[in-house]
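Visitor: Hi! Could you walk me through this one?
Guide: Happy to; here it is.

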Amino acid sequence: MAEPKWFVVHTLAGHEHKVKAILERQVKLNHLEDKVFEIVVPEEKVMTVKGGKKRIQVKKVFPGYLFIRMIEDEDVIRMIRNTTGVTGFVGTPGRPSTLNPQEEHWIRRFLEQKEIRPELKVKKGDRVYIKSGPFMGYEGFVDEVYPEKGTVRVLLSIFGRETPTEIDHTQVEKTD
């Protein structure tokens, strides 16, 4: 029996969950559980701050795409291609491509990850204004972003010297 591999399916934008549900039903109806093992809409939980309130939102990592771990089989490929909302497989025309080992490793790590990531609206090099905290009123440049911690290192001019300061991402605002 062939080894299952990960494939990427392109869907209509905003229809990822609908297509996933249809495919899961089709797999059961056609008794293909021994050929299709996982259907994933890659999403992550992101903490956003609006109006001073923290909210958790679920955001698609790759809008318009599904990841399917399956055995490459003509019947399965045909069923997926003919599913409402599917526009095709990622790959060369007529033949879907599998994920390479590095991409497979990424998706496995991603599926195991359950933490909530803060939404960072700034990037390295951005000019920011400190809107709260002990450095409120200062302006500086983002020197480093730490998404896993939800902080940024900002270079502030304090006492005439450039001083790197780590600040929570909710305390900074990008300026133009």
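What follows is a chat about its charges, its strands and one annotated domain.

Guide: Before we start, this is a predicted model, where local features need pLDDT of at least 70, side-chain atom pairs count only at pLDDT 80 or more, and totals for chains, interfaces and linings use all residues. Residues are numbered from 1 along each chain as its sequence is written, and side-chain values use heavy atoms, with hydrogens and water left out.

Visitor: Thanks! How many salt bridges does the structure hold?
Guide: There are 11. A salt bridge here is a side-chain nitrogen of Lys or Arg within 4 Å of a carboxyl oxygen of Asp or Glu.

Visitor: Which residue does E24 pair with?
Guide: E24 bridges to K20, with 3.9 Å between the closest N and O atoms. Both sit in helix α1 (residues 16-29), 4 residues apart, which is about one turn of the helix. Helices (H or I, at least four residues) and strands (E, at least two) are DSSP runs, numbered from the N terminus.

Visitor: Are those two side chains buried or exposed?
Guide: In between: E24 is partly exposed, with a relative accessible area of 36%, and K20 is partly exposed too, at 23%. Buried means under 20% relative accessible area, exposed over 50%, and partly exposed in between, using a 1.4 Å probe and protein chains only. The areas themselves come from the Shrake-Rupley method with a 1.4 Å probe, and for residues only the protein chains shown count as cover.

Visitor: What about D75, which partner does it have?
Guide: D75 forms a salt bridge with R78, and their closest N and O atoms are 3.0 Å apart. The two are separated by about one helical turn because they are 3 residues apart in helix α2 (residues 74-81). D75 is partly exposed at 46% relative accessibility, and R78 is partly exposed at 47%.

Visitor: And where does K174 find its salt-bridge partner?
Guide: K174 pairs with D126, at 3.8 Å between the closest N and O atoms. K174 lies in strand β14 (residues 172-174) and D126 in the loop between β9 (117-118) and β10 (127-130), so this pair ties together parts that are 48 residues apart in sequence.

Visitor: Is D126 buried or exposed?
Guide: D126 counts as buried, at 9% relative accessibility, whereas K174 is partly exposed at 45%. Salt bridges that share partners join K123, D126 and K174 into one network.

Visitor: Switching topic: what does UniProt place at residues 121-148?
Guide: The record has "domain: KOW" there, from an unreviewed entry. UniProt positions are given in the numbering used here, feature names are shortened, and annotations may be inferred rather than shown by experiment. In the model, this span is 0% helix and 43% strand, and its end C-alpha atoms lie 14 Å apart.

Visitor: Back to strand β14: how far is E173 from K131?
Guide: Their C-alpha atoms are separated by 6.7 Å, although E173 and K131 are 42 residues apart along the chain. E173 is in strand β14 and counts as partly exposed, at 41% relative accessibility.

Visitor: Which residues gather in the patch of positive charge?
Guide: K50, K53, R55, K121 and K131 gather there, on the surface. Patches are made of residues with over 30% relative accessible area and no salt bridge; like charges are joined within 9 Å, and nonpolar side chains (Val, Leu, Ile, Met, Phe, Trp, Tyr) within 5 Å. Lys and Arg count as positive and Asp and Glu as negative, while His and the chain ends are not counted. Each charge is placed at NZ of Lys, CZ of Arg, CG of Asp or CD of Glu.

Visitor: Where is R55 found?
Guide: R55 is in strand β4 (residues 53-60). With a relative accessible area of 45%, R55 is partly exposed.

Visitor: One last pair of spots: what is notable about the phi of H31, and where is V142?
Guide: H31 has a positive phi of about 55° although it is not a glycine. H31 sits in the loop between α1 and β2 (36-40) and counts as exposed, at 61% relative accessibility. V142 lies in strand β11 (residues 139-146) and is buried, with a relative accessible area of 4%. The C-alpha atoms of V142 and V86 are separated by 41 Å.
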